[in-house]
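Subject: Handover of a structure, with findings

Dear colleague,

Please find below the structure that I am handing over to you. I would be grateful if you could read the notes that come after it with the structure open in your viewer.

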Amino acid sequence: MSVSPISILLIFATVLGDLASIGSAERMSGLYVDNGFDQTVVHRVVTHREKREVEHEILNLLGLPDRPRNTIGKTPQVKRSAPKFLLDIYKNALGEDEEEIPVVRSRKSNCSEFNLSGQDLKAIDQSDVIMSFAAHNHHVPGVRHERGKRLWFDVSEVPPEEQIIGAELRLYRSLNDVKNKRSHGSYTITIYQVLKIENGTRELQYIDAVNTTTSKEGWLTLNVSEALDHWIKFPDENRGLYLSVHPADRLVHEMRPEDVGIVGFRGDPDKQPFMVSYFKTSGVRESKIRQKRDARRKKKSESTANWDHKSNPYTLLENSNVQYHSRTCKIQTLYVSFRDLQWQDWIIAPDGYDAYYCSGECNFPLNAHMNATNHAIVQTLVHLVSPGKVPKPCCAPTKLSAISVLYFLDESNVILKKYKNMVVKSCGCH
């Protein structure tokens, strides 16, 4: 990709105010630009109101009404098993250019400590949203405490219109945590969905099972798609899962999970049980997001209409010493920094991304490197004849690619979401 060395670098960044003039370490925000001499300088400081406008627009673009709850000012717990799993996918299984090449990198997946299977890689490739859920010690009235055998997940944030590709329960078996040292041989770990509870008696429905041996250490995976689908459709019936462990040759002899080294929700944070689900985003949800965004913009049209050209943070000043545009239509630098928006307490990765943009003139003759469409060529010819009636073609993106953003939905649930058409890959005359 060829990028002009004299290009604009817009970073909605946080800068430290002049202590002598401000009197305190008040944090302000500004627009940064590349001045054409390999230096990034402050274009101008923007107001708190303008900063909030930009923040809300980006949040709406991410499909969020506001920044996630219970995360402000807190350090992300990325070492816990649930976010660590998605960070592992982000680093090892996602392609850099998610529109041009397959999303899944099978070679790097072999480096994953979570032992991603071919089915996992296929689900990652097909999904638009991946969510992980930490296990909770959720109390259900009328049921006696069942140590290590009960798992509950808060799936209330899953939109009901999302299409489930698959869901997995992941359990870690540690050789160091085996409580019953005399245990040996093969074991069967079975997962049941708790359907009904009456007078302390539970009604269970079989979900999935997996076999393991006393010599095997690592992550075990069980398919819980059926249970998740039921909880999303009937949220009031989410009573969690029941974990049953017994020797493979003795189905009646049930053991405690910790006897064979299964780590519970009170174990090491990076080995605690969690659930991960893969979704395909429906057009219904995207339509609702667009409608809310349009309604919000319409509501604020009166206030934004009062902004003049020079005070608008989206518009560049014309009377500037910085050379922003080259004459010919080409790709220019534009970087969006999540970290400088002070979102590092809920966005795990990336710190920001290169969005780029298209700028320049589409003048006659339209050369091959300008990626002009046939219509743009004809429009240019007509413009030469009647410049007052027909405008010149516009410099616009001809190819866009996606990015993936990993963030906390709340303190325990994490989302890895793909956003389409976020990065300009090439420009041309249209």
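The notes below go from the chain as a whole to single residues.

Overall picture

Please bear in mind that this is a predicted model. The chain has 430 residues, of which 49% count as buried. Its secondary structure amounts to nine helices and 18 strands. Among contacts between residues at least 6 apart in sequence, 70% link residues that are at least 24 apart. The exposed surface of the chain comes to about 22800 Å², and carbon and sulfur atoms account for 49% of that area.

The seven-stranded sheet

Seven strands form an open sheet in the order S9-S6-S11-S4-S18-S17-S14, and their pairing is antiparallel. At the edges are strand S9 (218-223) and strand S14 (347-349), each of which pairs on one side only. On average, neighbouring strands of this sheet are turned by 30 degrees against each other, with direction ignored. As background, the strands of a sheet pair through backbone hydrogen bonds, in either a parallel or an antiparallel manner.

Within this sheet, strand S17 (residues 395-408) runs antiparallel to strand S18 (residues 414-429), and the two are joined over twelve bridges. To locate this pairing in your viewer, you may start from Ala396, whose bridge partner in S18 is Gly428.

A helix also packs against part of this region. Helix H6 (residues 225-233) lies across strand S6 (163-173), S9 and strand S11 (274-280). The direction of H6 makes an angle of about 120 degrees with S6.

Backbone features that deserve a look

Most residues other than glycine have a negative phi, and most peptide bonds are trans. The following places depart from that pattern.

Two cis peptide bonds precede prolines. The bond from Ala349 to Pro350 is cis, with omega near 0 degrees, and Pro350 sits in the loop between S14 and strand S15 (352-354). The bond from Phe364 to Pro365 is likewise cis, with omega near -5 degrees. Pro365 belongs to the loop between strand S16 (357-359) and helix H9 (374-385).

Two asparagines have a positive phi. For Asn371, phi is near 50 degrees, and this residue also lies in the loop between S16 and H9. Asn371 counts as partly exposed because its relative accessibility is 37%. For Asn421, phi is about 55 degrees; this asparagine is located in strand S18. With a relative accessible area of 51%, Asn421 is exposed, as the threshold for that class is over 50%.

A nonpolar surface patch

Phe364, Ile377, Leu381, Leu384 and Val385 together make a nonpolar surface patch of about 490 Å². Phe364 is also the residue from which the cis bond to Pro365 starts. Ile377 lies in helix H9 and is partly exposed, with a relative accessible area of 36%.

Salt bridges

The count of salt bridges is nine. One of them joins Lys84 and Asp270, whose closest N and O atoms are 3.8 Å apart. Lys84 lies in helix H3 (residues 81-92) and Asp270 in the loop between strand S10 (241-247) and S11, so this pair ties together parts that are 186 residues apart in sequence. Lys84 is partly exposed at 23% relative accessibility, and Asp270 is partly exposed at 22%.

Asp270 also meets Lys271 in a salt bridge, with an N to O distance of 3.5 Å. Through shared partners, Lys84, Asp270 and Lys271 are thus joined into one network.

Another salt bridge links the side chains of Asp259 and Arg256, at 3.2 Å from N to O. Is Asp259 buried or exposed? At 12% relative accessibility, Asp259 counts as buried, because the class covers values under 20%. Its partner Arg256 is partly exposed, with a relative accessible area of 37%.

Where to begin

For a first viewing, I would suggest the pairing of S17 with S18, then the cis bond from Phe364 to Pro365, and finally the network of Lys84, Asp270 and Lys271.

With kind regards

Conventions:
Residues numbered from 1 in each chain as written. Predicted model: local features only at pLDDT ≥ 70, side-chain atom pairs only at ≥ 80, totals over all residues. Heavy atoms only, no water. Pairing = 2+ DSSP bridges. Helix = DSSP H or I, 4+ residues; strand = E, 2+ residues; numbered from the N terminus. Axes fitted to C-alpha atoms, helices over the stretch in contact; angles between N-to-C directions. Contact = heavy atoms within 4.5 Å. Buried < 20%, exposed > 50% of the residue type's maximum accessible area, 1.4 Å probe, protein only. Patch = residues over 30% accessible without salt bridge, like charges linked within 9 Å, V, L, I, M, F, W, Y side chains within 5 Å. Areas by Shrake-Rupley, 256 points an atom, 1.4 Å probe, with all protein chains shown as cover. Salt bridge = Lys/Arg side-chain N within 4 Å of Asp/Glu carboxyl O.
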